[in-house]
Amino acid sequence: MDIVILLGAPGSGKGTIAARLASEDAKLKHVSSGDLLRGAVAKGTPAGLEAKGYMEKGQLVPDALIATMIGDVIAETKGDVTMLLDGFPRNVAQAEVLERAGAPIRSVVLVDVPDAVIADRIAGRRTCPKCKAGYHVKALPPKVEGICDKCGAELVIRKDDNPETVKDRLVVYHRETEPLVAFYEAKGLLRRIDGDQGPERNAAAFREAM
Ligand code: ADP
Ligand code: ZN
């Protein structure tokens with residue numbers, strides 16, 4: 001088992017890239033911290049109840065809460081698998097947790113997208129609440145409007161995808177997460193891809209870089 005970390009702003013498309021690559025290659029396992037947390041919120045677990053308020057405000061949940069969830073997934077992932085770790089770490093403290101745990105990081109790929117593009121992307125984002133597939137009304141529309149191609153469920157707009165909360169999430173990204181670029185660059189692990197090339201080419205560029 002080894003790990004490829006996806007770094008990028010909310011709306012950079014890292015989740016779409018990871019899901020696409022994992023669907024094409026059984027050796028790639030997509031692990032999304034946001035999906036794990038939304039799952040816990042939906043189930044009403046203690047961790048979910050604690051995380052809910054932070055998520056709705058666009059703030060980071062406490063490090064220990066998400067680090068425990070990710071640690072569990074890493075511990076149960078074995079064999080000839082590469083984990084595409086999406087949304088964790090999101091600050092230097094979380095990166096240090098991974099390091100202390102001796103997690104085998106192969107590379108860290110920054111999905112680079114200008115802030116201006118991001119606001120537009122998130123505004124058009126639609127999500128399947130059942131299978132977690134992601135869509136965009138213009139860039140990646142489902143075959144039938146409002147319906148998931150993969151499972152037929154009705155698509156939703158995530159609660160934290162409203163313009164005000166998106167602004168806060170971008171502030172948090174620049175303050176908390178962007179320092180990880182220098183952190184991993186110093187370790188010689190960082191690669192960058194242009195995340196503004198369309199879903200297909202973004203995924204291909206990522207695959208080559210990782
Ligand atoms: P996006 O990448 O579009 O912001 P995510 O689905 O990755 O969306 O995350 C949604 C929310 O979940 C974040 O705004 C945050 O509240 C919480 N979250 C996800 N990952 C982490 C993390 N590693 N540390 C703290 N909070 C997290
Ligand atoms: Zn679906």
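## Salt bridges, zinc site and aromatic contacts

Lys52 forms a salt bridge with Glu56, in which the closest N and O atoms are 3.6 Å apart. The model analysed here is predicted. Both Lys52 and Glu56 belong to helix H3, which spans residues 46-57, and their separation of four residues corresponds to about one turn of that helix. Neither side of this bridge is buried: Lys52 has a relative accessible area of 36% and is therefore partly exposed, and Glu56, at 34%, is likewise partly exposed, since the partly exposed class runs between 20% and 50%.

In total, the structure holds 18 salt bridges. Another of these joins the side chains of Asp2 and Arg106, with an N to O distance of 3.1 Å. This contact links distant parts of the chain, as Asp2 lies in strand S1 (residues 2-7) and Arg106 in strand S4 (residues 105-112), 104 residues apart. Arg106 is partly exposed, with 33% relative accessible area.

A further salt bridge is formed between the side chains of Arg125 and Asp161, at 3.0 Å from N to O. Here too, distant parts of the chain are linked: Arg125 is located in strand S5 (residues 125-127), whereas Asp161 occupies the loop between strand S6 (134-136) and helix H7 (163-177), 36 residues apart. Asp161 has a relative accessible area of 5% and is therefore classed as buried. Arg125 and Asp161 also take part in a network of salt bridges that includes Arg158, Asp160 and Arg169.

The zinc ion (ligand 2) is coordinated by the SG atoms of Cys128, Cys131, Cys148 and Cys151, at distances of 2.3 to 2.4 Å. The four donor atoms subtend angles of 99 to 117° at the zinc ion (ligand 2), and the arrangement is therefore tetrahedral. For reference, the ideal angle for four tetrahedral donors is 109.5 degrees. The donor residues of the zinc ion (ligand 2) follow the sequence spacing C-x2-C-x16-C-x2-C. Cys128 is situated in the loop between S5 and S6 and Cys151 in the loop between S6 and H7, so the pair ties together parts that are 23 residues apart in sequence. With regard to solvent accessibility, Cys128 is buried at 1% relative accessible area, whereas Cys151 counts as partly exposed at 28%.

One aromatic pair is present in the structure. The ring centres of Phe183 and Tyr184 lie 5.0 Å apart and the ring planes meet at 85°, so the pair is edge-to-face. Phe183 is buried, with a relative accessible area of 16%, and Tyr184 is also buried, with a value of 2%. The ring of Phe183 is additionally involved in a contact with a charged residue: the charged end of Lys187 sits over this ring, 4.8 Å from its centre.

At the level of the whole fold, the protein chain comprises nine helices and seven strands. Its radius of gyration is 16 Å, which agrees with the value near 17 Å that a compact globule of 210 residues would have. Along the principal axes, the C-alpha atoms of the protein chain fill a box of roughly 45 × 40 × 35 Å. Of the 210 residues in the protein chain, 45% are buried.

How values were computed: Residues numbered from 1 in each chain as written. Chains lettered and ligands numbered in written order. Predicted model: local features only at pLDDT ≥ 70, side-chain atom pairs only at ≥ 80, totals over all residues. Heavy atoms only, no water. Salt bridge = Lys/Arg side-chain N within 4 Å of Asp/Glu carboxyl O. Helix = DSSP H or I, 4+ residues; strand = E, 2+ residues; numbered from the N terminus. Buried < 20%, exposed > 50% of the residue type's maximum accessible area, 1.4 Å probe, protein only. Donors = N, O, S within 2.8 Å, 3.2 Å for Na, K, Ca; no water. Tetrahedral: all angles 85-135°; square planar, octahedral: opposite > 155°, others 65-115°. Phe/Tyr/Trp six-rings, centres within 6.5 Å; stacked < 30°, edge-to-face > 60°. Lys NZ or Arg CZ within 6 Å of the ring centre and 35° of its normal. Rg over C-alpha atoms; globule rule 2.2 N^0.38 Å.
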